[in-house]
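Q: I am new to this structure and would like a close look at a single part of it. Please pick one stretch of the chain and show me what surrounds it.

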Amino acid sequence: MPDPTGTVILPTSHGLANYPHGCLTTISKFRTLYISGTSSRLDDGTFAGVQTDHNGTLVIDIREQTKAVLRRIEQVIKHATKNRGGLGDLVDVQIFLVDVKSYYKGMNEVWNEVFPFPSQSPARTTIGVRELPAPEMIVEMKCIAQVEIKDS
């Protein structure tokens, strides 16, 4: 969390993923960074974790897509903070997931690798959606971060 004096509201029981029930931050020298919905789309227009099988059917790896989404979010934070910030600055993440039954576990596995401790994780909501803007997309994340912006 960006503010060491902030309060993290931890769950009373351990859930499937590591995240607190809420984060209370003191915003003084920090600014709020609103990160638009981020997918696993690569710079060349393709999507991470997507292959086509011999029948032309898309085969999508939720773990690879989740990793790619989190890398892209980290790039946005680093750009905004001149490489001083990172995923630890996130305070809220909304995850949009196609086919929750099939993909929730794999997405959560990556989440728990990146955020192993609920006390150091952003608040989080996972929302099952029917579809995302491209058939290659099965996960998208929209985030809020509290980042310290320095002049130099």
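A: What follows is a close look at strand 6 (90-98) and its surroundings.

A word on the model before we start. This is a predicted model, in which local features need pLDDT of at least 70 and side-chain atom pairs count only at pLDDT 80 or more, while totals for chains, interfaces and linings use all residues. Residues are numbered from 1 along each chain as its sequence is written, and side-chain values use heavy atoms, with hydrogens and water left out.

Let's set the scene. The protein has two helices and eight strands; these are DSSP runs numbered from the N terminus, with helices being H or I of at least four residues and strands being E of at least two. Along the sequence they follow the pattern β-β-β-β-β-α-β-α-β-β. Of the 152 residues, 38% count as buried. Buried means under 20% relative accessible area, exposed means over 50%, and partly exposed lies in between (1.4 Å probe, protein chains only).

Now to strand 6 itself. Seven of its nine residues are buried, so strand 6 is largely enclosed by the rest of the structure. Two strands form part of that setting. Strand 6 pairs with strand 8 in the antiparallel sense over seven bridges, and with strand 7 (residues 123-129) in the parallel sense, also over seven bridges. Here, two strands pair if DSSP finds at least two bridges between them.

You can follow these pairings residue by residue. Towards strand 8, Leu 90 stands opposite Ala 145, and Phe 96 has Glu 140 as its bridge partner. Towards strand 7, Val 93 stands opposite Arg 124. Strand 8 is mostly covered too, with seven of its 10 residues buried. It is also joined to strand 3 by seven bridges, and those two run antiparallel; there, Thr 38 has Met 141 as its bridge partner.

What lies beyond the pairings? Strand 6 also contributes to the largest nonpolar core, which has 32 residues. A nonpolar core is a set of buried Ala, Val, Leu, Ile, Met, Phe, Trp, Tyr and Cys residues joined through side-chain atoms within 4.5 Å. The elements that give this core two or more residues are strand 3 (30-38), helix 1 (62-80), strand 6, helix 2 (100-114) and strand 8 (139-148). Strand 6 gives the most, with six residues. Ile 73, Ile 77, Leu 90 and Met 141 have the most contacts inside the core.

Ile 77 makes a good vantage point. Contact means heavy atoms within 4.5 Å. Leaving aside neighbours within four places in sequence, Ile 77 is in contact with several residues, among them Leu 33, Leu 90, Ala 145 and Val 147. Ile 77 is also one of the buried residues of helix 1, which include Ile 62, Val 69 and Ile 73. The buried residues of helix 1 pack against strand 3, strand 4 (50-52), strand 5 (58-60), strand 6, helix 2 and strand 8.

Helix 2 is another neighbour to find. Strand 6, helix 2 and strand 7 make a right-handed β-α-β unit. Right-handed means that, with the strands pointing away from the viewer, the path from the first strand over the helix to the second runs clockwise. Among the buried residues of helix 2 are Tyr 103, Met 107, Val 110 and Trp 111. The buried residues of this helix pack against strand 5, helix 1, strand 6 and strand 7.

Last, look at the loops on either side of strand 6. Lys 82 is in the loop between helix 1 and strand 6. Although it is not a glycine, Lys 82 has a positive phi of about 55°, and it is exposed, with a relative accessible area of 52%. Asp 99 lies in the loop between strand 6 and helix 2. Phi of Asp 99 is near 55°, again a positive value in a residue other than glycine, and this residue counts as partly exposed at 37% relative accessibility.
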